[in-house]
Amino acid sequence: MICAVRAVLLAALFFVLALPGFALAQERITNFESDVSIAANGVLTVRETISVDAENDRIVHGVFRDFPTLYPNRAGNRVRVPFDVVEVQRDGRPEPYTLETIPNGKQVRIGSADVTVPRGGHTYLIVYRTNRQIGFFDGHDELYWNVTGNGWNFRIDRASAVIHLPPGAVVKQYDFYTGPQGAQGKAARAIDEGDTIRFFTTAPLTPHEGLTVAVGFTKGVVAPPALLITTWCVISRRGIWFVQPSASGEVRTMPFVPTAT
């Protein structure tokens, strides 16, 4: 008799699981939207809208967003870029957050230890500014941007990014990559609108996978950083050189010419 009851219950459970659209609740990012505006002085203003399904498993008090501020360049140096949080919201209302230092940058810890996020869908907004993200090349300038980051422990159902170029710039070339850090997957597409370009994933991203985009645009529209602020002095057998790195990894060297006194 007990075996028969168990068989009936198992059959019923199998039937329910087989119903179309049925799935066990699972924490994930349902949508990750990034809106990036590039100013003529090179400052990026980024608005990230991150929609999640919370089940109080890992998303209990809020979410963490890691942002690297230290990059290796081709000369082997570590380049530090600024990062300033402007605004944080949850479901359209201001949300408390703290900014913590992590080994390669900053972590925005969103939420309060005294408040448990209700289970279900929520949308977080993070607005921040950063600089020194533009690479300066001979024929074009470029933004190489990891849209989502690769530190999420959740699946990302959809990810997208829109890049607004500064006035006077148009897209010269572009590319995109999906997958783990360093991967060159192509599960995305792009729509070039001249002074704006949009990217969309075409398949979900599994944990620790991300979307990275590269946009080359009209050279000379974005002013390079001021020399004395962004260079290191390197002494070599060829003399003294200034090394100007960028977060994209491009390195430009300029000889130091002493002025007469």
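A residue counts as buried here when its relative accessible area is under 20%. Keep that cut-off in mind, because T69 comes in at 4% and is therefore buried. What you have on screen is a predicted model, and T69 is a handy place to start walking through it.

T69 sits in the loop between β3 and β4 (70-72). Being in a loop doesn't leave T69 out in the open: this residue is buried. What does T69 touch, leaving aside its neighbours within four places in sequence? Its contacts are V79, R80, V81 and F83, plus N104, G105 and K106.

Step back from T69 into strand β3 and you'll find a strand with two faces. R65 and F67 make up the covered face of β3, while F64, D66 and P68 are on the uncovered one. Alongside runs strand β9 (residues 105-110), which pairs with β3 in the antiparallel sense over 5 bridges. If you want a spot to zoom in on, look at R65, whose bridge partner in β9 is V108.

Now follow F67 from that covered face. Its ring and the ring of Y128 have their centres 5.3 Å apart and their planes at 65 degrees; planes over 60 degrees apart count as edge-to-face, so that is what this pair is. The two residues come from distant parts of the chain, with F67 in strand β3 (residues 64-68) and Y128 in strand β10 (residues 120-130), 61 residues apart. Both F67 and Y128 are buried. They have company, too: F67, F83, Y128 and W145 form one aromatic cluster. F83 is a name you've already met, as one of the contacts of T69.

W145 deserves a look of its own. Leaving aside its neighbours within four places in sequence, W145 is in contact with a long list of residues, among them S34, V36, L44 and V46, as well as F67, Y128 and L211. Which residues touch the most other members of the largest nonpolar core? They are I38, W145 and I163, in a core of 47 residues. The largest share of this core, 5 residues, is supplied by β2.

That brings us to β2 and its partner β1. Strand β1 (residues 28-38) pairs with strand β2 (residues 44-54) in the antiparallel sense, over 10 bridges. I38, one of the core residues just named, has L44 as its bridge partner in β2. S34 is also found in β1, and at 3% relative accessibility S34 counts as buried. Leaving aside neighbours within four places in sequence, S34 is in contact with V46, R47 and E48, with W145 and V147, and with S160, A161 and V162.

Both of these strands belong to an open sheet of 8 strands, in the order β7-β6-β10-β2-β1-β13-β16-β15, with mixed pairing. At its edges stand β7 (93-94) and β15 (188-192), each with a single partner strand, so one side of each has no neighbour in the sheet. For the chemistry behind this, strands of a sheet pair through backbone hydrogen bonds, either parallel or antiparallel.

There's also an open sheet of 4 strands, ordered β11-β12-β17-β14, with antiparallel pairing. Here the edges are β11 (134-136) and β14 (171-179), each with a single partner strand, so again one side of each is left without a neighbour in the sheet. From one strand to the next, the twist averages 20 degrees. β14 pairs with strand β17 (residues 210-217) in the antiparallel sense over 8 bridges, and V171 stands opposite F217 in β17.

Back to rings for a moment. The structure holds 8 aromatic pairs, and besides F67 and Y128, another edge-to-face one is F176 with F199, because their planes are at 70 degrees, with centres 6.3 Å apart. F176 lies in strand β14 and F199 in strand β16 (residues 196-201), so the pair ties together parts that are 23 residues apart in sequence. Both F176 and F199 are buried. F176 also has a charge for company: the charged end of K186 sits over its ring, 5.2 Å from the centre.

Finally, zoom out. The protein has 2 helices and 20 strands, and of its 261 residues, 41% count as buried. Among contacts between residues at least 6 apart in sequence, 68% join residues at least 24 apart.

How values were computed
Residues are numbered from 1 along each chain as its sequence is written. This is a predicted model: local features need pLDDT of at least 70, side-chain atom pairs count only at pLDDT 80 or more; totals for chains, interfaces and linings use all residues. Side-chain values use heavy atoms; hydrogens and water are left out. Two strands pair if DSSP finds at least two bridges between them. Axes are lines fitted to C-alpha atoms, for helices over the stretch in contact, and angles run from 0 to 180 degrees between N-to-C directions. Rings of Phe, Tyr and Trp (its six-membered ring) pair if their centres lie within 6.5 Å; planes under 30 degrees apart count as stacked, over 60 as edge-to-face and the rest as tilted. Buried means under 20% relative accessible area, exposed over 50%, partly exposed in between (1.4 Å probe, protein chains only). A charge sits over a ring if NZ of Lys or CZ of Arg is within 6 Å of the ring centre and within 35 degrees of the ring normal. A nonpolar core is a set of buried Ala, Val, Leu, Ile, Met, Phe, Trp, Tyr and Cys residues joined through side-chain atoms within 4.5 Å. Contact means heavy atoms within 4.5 Å.
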